[in-house]
Amino acid sequence: MKFSRLLATGLILMATPLANGASLGSVGPTYPIGEESALEMIMRRLRDKERSGELKLMQEEAVRRSLHGIKNMKPVDGITTVQKAAQRLIDPTVTYAQAVKADDGRIVVPAGSRVNPLDLISLSKVLVFFDGRDPAQRDAVGRLLASKGQLTVKPILVAGSWLDLTKAWKTQVFFDQHGTLSRRFGVTAVPSVIRQQGRMLQLDEIPAKDLR
């Protein structure tokens, strides 16, 4: 392990004890004390941990926790399971309270403008929101992908492991992190399917057993 890496790890591990130290000032002249410095103490402890293998275990545990957090993101709050089929239309029109300007200062969208994104670009795929922890929903979306193809369906998780499903289905599975898309489209129950209908979006809440 390079010295700089060893030192950086040591500073992290020792940050709390060092941060709690307080300066008491001095009354008269100060002289060097024949004791090891804080840096020498840190390096000595790190070398001890490295020799014992404890440092490697700590690093591996930190990596494991990080990967677990990436694979298993926090479920979107407030999402329930569909019990009965329902359908509604969503108007994606956005009103701009402030003007949108280009880099050179030109106004691209005047303040107060109402813009429907579907006038500029169409929704090329069907969006399917689902809970990957629910075997019924997971299997239903898997069958939908197999029958419709990954070019027409975009699976979006509100809970569960997107990485495991991406590997299992060999297609990219997305995660609605922080519930941004669910709030934007008003998704409150899953499975929910969103597709374009003219200048509107159609949201269908469909029980897993009926998802086709």
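User: In this predicted model, what share of contacts between residues at least 6 apart in sequence joins residues at least 24 apart?
Analyst: The model is predicted. Take the contacts in the protein chain between residues at least 6 apart in sequence. The share of them that joins residues at least 24 apart is 65%.

User: Which two residues form the aromatic pair?
Analyst: A search of the whole structure finds 1 aromatic pair. Its ring centres lie 6.0 Å apart, and the planes are at 35 degrees. Planes from 30 to 60 degrees apart count as tilted, so this pair is tilted. The partners are F130 and W169.

User: How many residues apart are F130 and W169?
Analyst: F130 belongs to strand β7, residues 126-131. W169 belongs to helix α6, residues 162-169. The pair therefore links distant parts of the chain, with a separation of 39 residues.

User: Is F130 buried or exposed?
Analyst: Buried means under 20% relative accessible area. F130 has 0% relative accessibility, so F130 counts as buried.

User: What is the relative accessible area of W169?
Analyst: Partly exposed residues fall between the 20% and 50% cut-offs. W169 is partly exposed because its value lies in that range. Its relative accessible area is 23%.

User: Over the ring of which residue does the charged end of K154 sit?
Analyst: The charged end of K154 lies 5.0 Å from a ring centre. The ring beneath that charged end belongs to F174.

User: What percentage of the protein chain is made up of buried residues?
Analyst: The protein chain has 7 helices and 12 strands. It counts 212 residues. The buried share of these is 29%.

Methods. Residues numbered from 1 in each chain as written. Predicted model: local features only at pLDDT ≥ 70, side-chain atom pairs only at ≥ 80, totals over all residues. Heavy atoms only, no water. Phe/Tyr/Trp six-rings, centres within 6.5 Å; stacked < 30°, edge-to-face > 60°. Helix = DSSP H or I, 4+ residues; strand = E, 2+ residues; numbered from the N terminus. Buried < 20%, exposed > 50% of the residue type's maximum accessible area, 1.4 Å probe, protein only. Lys NZ or Arg CZ within 6 Å of the ring centre and 35° of its normal. Contact = heavy atoms within 4.5 Å.
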